[in-house]
Amino acid sequence: MTTGIVYHPAYLSHEQHPAHPERKERLSYTLDQLEEEGIWDDPRIIRITPAPANEADISAVHSEEYITFLRTMSRTGGYIDFDTNIPPGLYDSARLAAGGAIAAADAVSNGSVENAFALVRPPGHHARSGMGAGFCYLNNMAIMVRRIQKNGYKKVMILDWDAHHGDGTQDIFYNDASVFFSSIHQSPFYPGSGYISETGYGEGEGYTVNMPVPAGTTDVSYRYLFTKVIEPLAHEFRPDFIAVSAGQDNHFTDPLTGLALTARGYAEMMQRAVRLSGDICEGRLVAVLEGGYSVEAGLPYTNLGVIAAMAGMDLTGIREPGAYETLLSGAVDPSAHLQVIETTRDLSAILAQYWRCFRDLA
Amino acid sequence: MLTGMDIGGTNTDVACISDDIFCVKVPNELGFAAALEHVPAKGRLAVSTSQPLNRVIAGSPLKVQSIIIPGPGLYYPGGVSGAINHRGDLVEAVDPEEVRRILEHNPADVLSISAKFSVRNPGIEEAIAEIAREYYPVEKIAVSHVLGRLNFPARIATTELNACMKETVLGISGMIREHIADFYYFKGDGGLVAPGLAHQNPGLLYNSSSAAVALGAYYLSREKDCLVIDIGGTTTDQVLLRDGKPVMERIRINDRNTLIESVAAQSLPYGGDSYIGERLEPTRIGNALAFGGAEPTLTDALNCCGHSIGDSARSLVMDPDIAYEAVRYYVSLLSDAVLSYKPKKIVGTGYLARWLIPLLSRKTGVPASLPEHGESANAVGVAVSRVSMTLWGHFDTGRRRAVINGELVPLPAWNDDDDLIAACREKVREMALRAGADPEDLKEICLVYFNSYDVVRQGYRNETIADVVMQVAPGITAGVL
Ligand SMILES: [Zn+2]
């Protein structure tokens, strides 16, 4: 098994301003961890250096007006929303992040690696066709999916497990039956969307599935959702490719969110995604980094866990240092899982209109 | 006076360089002291020990006990408890009783101790080494933080090798010091190092013969872009020079990546002492017939083709057809290897170069030169080298912690990146001078890597972390250029 890791030294350099949560420090500790683990020497790992995305790939997702706006604003500096300003030079950073997603898609499409993880910054899943939001400018995931389709793999299943709802990605594919969008996210929470009733529109009706979970949700509930929702849907949809929006802000130490996933939980979730892709689409799996703001206690361990799972490494040692144990018990809400079970029952009832696997259950 | 000494497999080469170059070859069977007799009392002595160390590694009969402290992350079976994180914080404690149990139940010849992220805080390794000294003498214990850089699996592999080599290096130092108090070791990257650092990290000395030849060939020929071909007794090494410098690589030993940097060299398993039975064999039985041996070798085959090397009459017992075929086979193998580099020029060194390099040049069509004293290019390279070193620094204002080459040092004060870079430049300069560097060689200190970022907590950036790699590059000392 070989896993591509897409990385460029410039992914460290983008910063809206130095104290912003989405800053340089985010990937620095992860890179230390990967370097110390000897990841780049490992025969199971292939490092891929990306090029910036080209105009054709970007305009397959984003409107001409928005592209022009971004390009103009990044000459002088500008502003999208309260969380998302445009520092000078942003367009080049964003193009290189999208290019990273494309490089991952291409490497898996042409078989030079079995699966790939694009360790990109800035993230993308809140960006819509016509506007950025929530630290995101270009929708790396959507640009990657269009490229995968161009490479000849028509049906793509997106699994967005960032703590925030991937509203930008959902919007881009909302009426598209070739792209199945699924998302697990904290709710109620930013950006305020991602309810179980949002299931797609027109041609795409039934091809969007949202799994909102309450604050305090743990590994157990994520495993449950894989078993009850994601895996059955994937087997019925039968995608040619699985694409993961690998947000790492569900970690129990994340300062911006309230979930309680562990590094081991992340690794096991990715392990299940790897097995699923092996069962359904000859292992074709790509992941792109989204959020994740626990720079010191979370990201080094979750990113390593995700990579270890993708490369088929032993996950026994994937965990946080013992010093963080008390933080975990503080983050867990024991009642969360019951809520997840109840929401899943309601969701299954809605999905039964579109998917046989939920009818069989009922 | 600069003196270089290269301890090879069968001979020790000595080169003394002042206004003249004086070279001598001493057979190892006469003992190390015989070679040291040629070392002048005045001036600087540098010693390359690649052969004894290569032997330790190649056929090491030593049993290594390796204590590994992996902490969170990738899994290592049999790991010992304790953990340091990426910032150098002790996040899980060591259990001294566990360490004692392991030391008692798995005795071995030498001990290697490696903790993940120990280069950010050597505390865990030092604590375990202190316990281990009750079980192993200090010359049999190697620790990983002295390697200074991240890459835990490569650090484990290198530390295990260091544990095996340490006693041999200390032994060689002892022998040299009986004759001469001050000397340097020649490293695999082509620089010199003070013995103290080499005792901590003997891997620095591994595989140094290619670097010695590369420096010597450049010094003697002044060819900046060429392929150096060194024909030794049992191997023929090829080293590419670009702009007067050999190409470097991080080497693998026993299928494991290490942190040992050495000159990139290709090697053919044939040389002047290669035995010829029915054909040329990649084996050494002994000297050539022409040098008092019992079996014919490639050297004897050259004599059968009309040359007169040594007591050439003794070589003529060989079947001339087999001799001719052996030489033809050798030249064609080497010519294929050489052409893969597409070199513009060949520089030949080693004892047989004079006879074989012209044949090679004719076969490949690549012009060749044979510098004077080329038969001792290795010892010349050792003599003309300079003190070099690399500083691996990690600075964390939040933790008030600075680590240089795995050792905690006082945190310097700095205002901006340029300040810190300047402080590191001064530090490496000071370290090099203390190690005996010629100040002329310190005019160029290169910044290999720099990264710094702010640590932000509760929306404020009040801490900074910086990584610096700074190097006094290996090469030829300014005094002789
Ligand atoms: Zn997020």
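Visitor: Which residue of chain B forms a salt bridge with D32(A), and how far apart are the closest N and O atoms?

Guide: In this predicted model, the partner of D32(A) is R120(B), and their closest N and O atoms lie 2.9 Å apart. A salt bridge here needs a nitrogen of a Lys or Arg side chain within 4 Å of a carboxyl oxygen of Asp or Glu, and the rule finds nine of them across the interface of chain A and chain B.

Visitor: How many residue pairs are in polar contact between chain A and chain B?

Guide: There are 19 such pairs, counting those with both residues at pLDDT 80 or more. On the chain A side, helix 1 (25-36) and helix 9 (299-310) each supply at least two of the residues that touch chain B. Helix 1 of chain A gives the largest share, seven residues. By type, the chain A side divides into 15 nonpolar, six polar and twelve charged residues.

Visitor: How should I read the size of an interface?

Guide: It is often given as the accessible area lost when the parts come together. Here chain A and chain B bury about 2700 Å² between them, with 51% of it on carbon and sulfur atoms. E36(A), E37(A) and D41(A) supply 25% of the area that chain A buries against chain B, more than any other three residues. As for contacts, 33 residues of chain A meet 35 residues of chain B.

Visitor: D41(A) caught my eye. Which side chain of chain B makes a polar contact with the side chain of D41(A)?

Guide: That of N151(B), at 2.9 Å. N151(B) sits in the loop between strand 9 (141-143) and helix 5 (152-179) of chain B. Leaving out residues up to four places away in sequence, N151(B) touches E35(A), E36(A), G38(A) and D41(A), along with R250(B) and L259(B) of its own chain.

Visitor: Why does N151(B) count as buried?

Guide: Because its relative accessible area is 7%, and buried means under 20%.

Visitor: Back to helix 9 of chain A: is it mostly covered or exposed?

Guide: Mostly covered, as twelve of its twelve residues are buried, including L299(A), N303(A) and M310(A). These buried residues pack against several elements of chain A, among them helix 1, helix 8 (263-280) and strand 10 (285-289).

Visitor: How far does helix 9 of chain A reach, and what comes just after it?

Guide: Helix 9 of chain A reaches 16 Å from its first C-alpha to its last, close to the 16 Å expected at 1.5 Å a residue. Just after this helix, G312(A) takes a positive phi of about 70 degrees.

Technical notes
Residues numbered from 1 in each chain as written. Chains lettered and ligands numbered in written order. Heavy atoms only, no water. Contact = heavy atoms within 4.5 Å. Buried area = accessible area lost by both parts, 1.4 Å probe. Polar contact = N/O pair within 3.5 Å; in protein donor to acceptor, adjacent residues only side chain to side chain. Helix = DSSP H or I, 4+ residues; strand = E, 2+ residues; numbered from the N terminus. Nonpolar A, V, L, I, M, F, W, Y, C, P; charged D, E, K, R; others polar. Expected span 1.5 Å × (residues − 1). Buried < 20%, exposed > 50% of the residue type's maximum accessible area, 1.4 Å probe, protein only.
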